[in-house]
Structures are given as C-alpha cells and as structure tokens.
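Visitor: Can you walk me through this one? I'd like to start with the charged pairs.
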Amino acid sequence: MRTSALSLTVSAVTALVLTASVGTSALAAELGSPDDPTTPASPSDSAPDPAATSAPDTSTGPSAPAQQAGGTALKTQSAQPGDVTSIDLESDEVTILGARWSGEDPQLEFRSQQSGAWSDWQELGVEDEGGPDEDSAEAKQATASPAETEAVPVLDSTKLEVRSTDGSAATKDLKITTVSTPVTAADKAITPPPAPDPADGLSPQIYDQELKANIVTRKEWGADESLVRCRSDQTSSAKGVFLHHTAGSNSYTQAQAPGIIRGYLTYHTQSRGWCDIGYNFLVDRFGTIYEGRAGSIDKAITGAHASGFNSYTIGVAVLGTYNSSAPSSAAQRAVERVVAWKANMFAFSPTGSMTLTSGGGGTSKYPEGRKVTLKTVSGHRDTSYTDCPGTAFYNRLGAIRTAAGQLQSWLGYVTKGAIGAYYREHRAQTGEPTGVERPLTNPDGAYQHFAKGTVYWSQATGAHLNKGGIRTAYGALRYEKGLLGFPTSDEVTFKYRTSAVYQNFVNGMITYSSTTKGQPLSGGFLTKWKALGWERSSLGLPTTGEFSSGGKTRQNFEKGYMTFTSSEGVRVFAG
C-alpha cells in the first residue's frame, strides 16, 4: 500500500461533491468462531440505489449505515463533480475509507477534522495490492471493479472530506465507502506481548507454544465471522513470506489497532468481495501479533495480499505506512518471530530462496506461468508494481531475514494441522517435537517425531502416537508401508492385564508386554484370538509374528500356537 501527503490548497484543485445517494450492506450480526468457516456467509449487496445514482438528491443526507456485530457500520455513497461535502464521523470510532470507479482516475484526496482543526489533504492512492490470484475461485466471486483506491484508516476525527484533483477526468460510477467501528472494552484489554514465558500474560490472547508469544485471535479482535464469504484456498505447505504495510497513520493507539483490523475485514469482504481479510497475519506498532485470514495459525492458507503470488506464501502486514520511517523495533521483532515460526513450521530458511509460479494479474510484474526465484522473505514490491512495504521497511528486510534465521533454533520445531492439534492435547504423552512434520505417500499421510514417540496422521485414521516397544515392532514391519498401515488408535492398556498394552492399525494390531515384546496380529489369527477372549484367552499374548512352518502359516503365543492353511483355515493349539 502507499499513502503520500499532498499540501494543496482548495483553489488548486477541482472539488468533488459526495452526494447523498447511499447503498448499504445487510450485514449479519452474530460474532462467530475463529475457526475456518464451513458455511460461506451470503455476500451483501453494497450497490447504490439505481434511482439515486442517476439523479442524486443533494437535499438529503446519507441514510443510516448498516450495522454488524460490535457496532461496525458500512456505508457506500455515490459521488460526482461538485463542491466538497463533509461526511460526519464519531471521534471515538475507527473508520476505513476507500473508493471505486470506472473510467479515468479521479485522483482523489481526503482530509479529516480533529478537535476543530483540519488535517492537510492527503492522496487517496490507487490500490496496488491486486487481491486474490487472477484465476482463483476467490477472484471469480469477488466484486468486479475496474479501479479502486487503497483502504485507509481515519482516526480521532469528527468530519471527513473527499475531493478530486482532476475535475476533467472521465470518471463514472464513483462510489465512496466508509467502514466505522467503535473502540470496545475488549480492544482496550489487549496489551503488547509479554516476555516469552508461558506462565505470564496469557489473557486475553492465546499463547502459542511454537511461536513463544501471544497471538490475538480473530475472536479476540472481534472478527464477525458472518462476513466471511467463502472458504479460503489452502496449499500443502508454504515456501516463504511477503511483507507489507497497510496504509494510513502510524500514530494509532494500541486500543485502535483491533478496530482497524475489523475495518479491513469488513472492507475486504463486503466492498471488494474477497473471501476473508487479505493478510494471513497483522502486526501493530506495539509488536502485537494478530491472526488474520482464518486458519492461518497452523495451516498454509492462501491469502489475497500479493496478486499472482498468494499461493504457497504467507502475507504479514504491519499496520501503518513505512515509506520514510521503518516500523518500530517492537513491530520488527514481532515480524521476525512470525517469519521464524513459519519457517520452522514449513521447513524453509528465512535467509534462503524460493521459486514461485506467477498467477499473473494486473499488478504483477510477471506474466502468468513465469517461474520466479525470490528471497524467502520478500517485500510486496518484489512481485508487484507497488511501493509496499514502503522503502524504509523494505530496507530492513535483510536484517529481518538474519534475525529470523537466528530465532529458529530458539523457537524449536513447530507443529501444525491435525498433528499439531494432537500434540497440544497430548503434550505430556508426546514430549516436545524433535523434527518437522513430513509428508507420506502411498499411503498418503504425514508423521512427526517427538521426544517420546512419533505421531502419524492420515485422512482416514486421524492422528495417533506410536511409541516404545510397539514402535519397535512397527518399524520391523516397515511402518505405514508394511502389513499394518497407519495406526487407528493410541496405545491402550489391556483391561484384564494391566502390565500389557496394544495399539490398533488399519490392518491389525500390535501387542506388547515386557516378556513377549511387541508382536503383530492380523487377519484370521487376530479374528480367532479376539473370539477366544483376547488377553484372557487360552493362548495368552503372541510371542512371535507370523512365520512359515511345515507348509503352514504359524504364530506362537504364551500358551500355545495357531496355524493356517487354505484347506484347514485357522486351527488353535493351546495348553
């Protein structure tokens, strides 16, 4: 994003009147879960009233804006050349301002009034983020607009004025949109991140073990999940990070930051028609880390932050504008931590390179299909025609890469997805991770090593810990590629022999005791053994796996053995 101040007098430009034609969005009012949405919310109709657009009635003011959860209100006004017209604001609210049009760029400016004094006119720059990848499902359902401005926060203001510096521009269907949200008590309760001690500062944010810092979740910053229009795409992994700045003032307070993010969520979904907020994570100037697009904490969620290069990348945006000055030290430290965290999660080096395939798009420097090699930590300007993340911030990228690389070993290995969820629920049983999650094929799934065993996952079986003597036996059978396949349960203690345990697998079971060690059971032998009474059977526990003997398949047990032939079936020899 870019925002530059213009010191122009009123006589130096032709003004643009913002007439009273208003279209409002019917936004649902229930605050939802921060989890991935499973049912897309219906997009709102933010088009202005056709009659008012064709014949604006300047004798009346804008109609009341639509309200959503938390008091956030969106309104869209039609505009045409004329005199400057004020938009009334509440000084205790955060407002996001943007505009859309067809035809020529009207070269818009805005100014705001605080405590009776007007700010200088500032450019409302043309949007250069680009949004979703051009051929993505998200782009196909997004709101079509030939041109639009960036979305800029307006703070502590009672009035807002917008004007055009080019009254002769052939601009059509100009619409000005504002999203206003109050600063809530919950916003004021969010504090900068504490020292990396999990015993400190756990409220109101959640503490993420792998990040070793607090993350303000979507629920905590007040995301209205009913605004989410569709499920975001997801890739199997991420190759790197794009860094961004958003736009607007760098002087926001800690309490205003959540409201700015709520405004972006509403603007991105209801005005631009994106699935969700465009960024995967956001960072404020105080160093607070916010969850952005739903699911981004432990998944490779495709955002709408770098058109043509959203897939396989993570978008991290610092609130504010950083052309002439870099983000605060606290913000830079938070960015370094997020980069190191995601590098550990997806096994890339913050100081390395990544190769991406361009998805094209109007703001992309590279045509669709072009393979491009970039730094794993890049600025948005590396792939798009934009100033983002600002020259001063961009000049800090080398130091951020180095610092993130040094943080990796301190943060340790990261868990994610279903294995991560299992780890968080069973940390005492697994111990800490000792390696990254790795994919498996034929059969498809994943595994990750921990201090006390290995957690396996597949779509059909879920995540389960495999450890100790049972794991030794599993390894002898070639793990998931062998006879048994993936585990389908955790280790279970036998009901009538508490010194022994077993674990179920797709195609059988492994039993273990200190005297019998780990032994597999499968097929007809397992079926017969269960029918005989499991560990209480006349055979006891198996002491070997299956083997060939005298033309028969045999398996030995503590108190006998079983044999199998195609003609005889399974026979039991006990005692």
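Guide: Here a salt bridge is a side-chain nitrogen of Lys or Arg within 4 Å of a carboxyl oxygen of Asp or Glu. Note that this is a predicted model.

Visitor: Fine. Which residue forms a salt bridge with Glu138?
Guide: Arg293 does. The closest N and O atoms of Glu138 and Arg293 are 2.9 Å apart. Glu138 lies in helix α2 (residues 137–141), while Arg293 is in the loop between β18 (289–291) and β19 (300–301), so the pair ties together parts 155 residues apart in sequence.

Visitor: Is Glu138 buried or exposed?
Guide: Glu138 is buried, at a relative accessible area of 6%. Its partner Arg293 is buried too, at 0%.

Visitor: How many salt bridges are there in the whole structure?
Guide: The search finds 16. Another one joins the side chains of Glu109 and Arg163, with 2.9 Å from N to O. That pair also links distant parts of the chain. Glu109 is in strand β6 (residues 108–114) and Arg163 in strand β11 (residues 159–164), 54 residues apart. Both Glu109 and Arg163 are buried.

Visitor: Which helix holds both Glu336 and Arg333?
Guide: Helix α6. Glu336 and Arg333 are three residues apart there, about one turn of the helix. Their side chains meet in a salt bridge, 2.7 Å from N to O.

Visitor: And how buried are those two?
Guide: They fall into separate classes. Glu336 is buried, with a relative accessible area of 5%. Arg333 counts as partly exposed, at 38% relative accessibility.

Visitor: Which residues are joined into one network by salt bridges that share partners?
Guide: Arg100, Glu127, Glu148 and Arg272.

Visitor: New topic, the core. How many residues does the largest nonpolar core have?
Guide: It has 58 residues. Leu243, Val316 and Trp341 have the most contacts inside this core. Helix α6 (residues 329–346) gives the most to it, with ten residues.

Visitor: What does Val316 touch?
Guide: Leave out residues up to four places away in sequence, and Val316 touches Val241, Phe242, Leu243, His244, Phe281, Val283, Val335 and Val338. Leu243 appears in that list, and Leu243 is also among the residues with the most contacts in the core.

Visitor: What lies apart from that core?
Guide: Another core, of 17 residues. Its members include Ile87, Ala99, Ala147 and Val152.

Visitor: Now give me the overall picture. How many helices and strands does the chain have?
Guide: Twelve helices and 35 strands. The chain has 575 residues, of which 54% count as buried. Among contacts with a separation of 6 or more, 68% are between residues 24 or more positions apart.

Visitor: Pick a sheet. What is the order of the open sheet of four strands?
Guide: The order is β24-β25-β26-β27, with antiparallel pairing. β24 (438–440) and β27 (462–466) are at the edges, each with a single partner strand, so one side of each has no neighbour in the sheet. On average, neighbouring strands of this sheet are turned by 25° against each other, direction ignored.

Visitor: How many bridges do β25 and β26 pair over?
Guide: Five, in the antiparallel sense. β25 covers residues 445–450 and β26 residues 453–458. As an example to look up, Ala446 has Trp457 in β26 as its bridge partner.

Visitor: Back to arginines. Where does Arg262 lie?
Guide: Arg262 lies in helix α5 (residues 257–271). It is buried, with a relative accessible area of 5%. Its side chain makes a polar contact with the side chain of Thr181, at 3.2 Å. Beyond four places in sequence, the contacts of Arg262 are Thr72, Thr181, Pro182, Thr184, Asp187, Trp221 and Gly222.

Visitor: Last one. What does the side chain of Gln555 reach?
Guide: The backbone oxygen of Pro520, at 2.8 Å. Gln555 and Pro520 are 35 residues apart along the chain, and their C-alpha atoms are separated by 9.8 Å.

Visitor: Which strand is Gln555 in?
Guide: Strand β33 (residues 552–557). Gln555 counts as buried, at 0% relative accessibility. Not counting neighbours within four places in sequence, its contacts include Leu521, Phe525, Phe547, Tyr561 and Met562.

Definitions and conventions: Residues numbered from 1 in each chain as written. Predicted model: local features only at pLDDT ≥ 70, side-chain atom pairs only at ≥ 80, totals over all residues. Heavy atoms only, no water. Core = buried A, V, L, I, M, F, W, Y, C linked by side-chain atoms within 4.5 Å. Buried < 20%, exposed > 50% of the residue type's maximum accessible area, 1.4 Å probe, protein only. Helix = DSSP H or I, 4+ residues; strand = E, 2+ residues; numbered from the N terminus. Contact = heavy atoms within 4.5 Å. Pairing = 2+ DSSP bridges. Axes fitted to C-alpha atoms, helices over the stretch in contact; angles between N-to-C directions. Polar contact = N/O pair within 3.5 Å; in protein donor to acceptor, adjacent residues only side chain to side chain.
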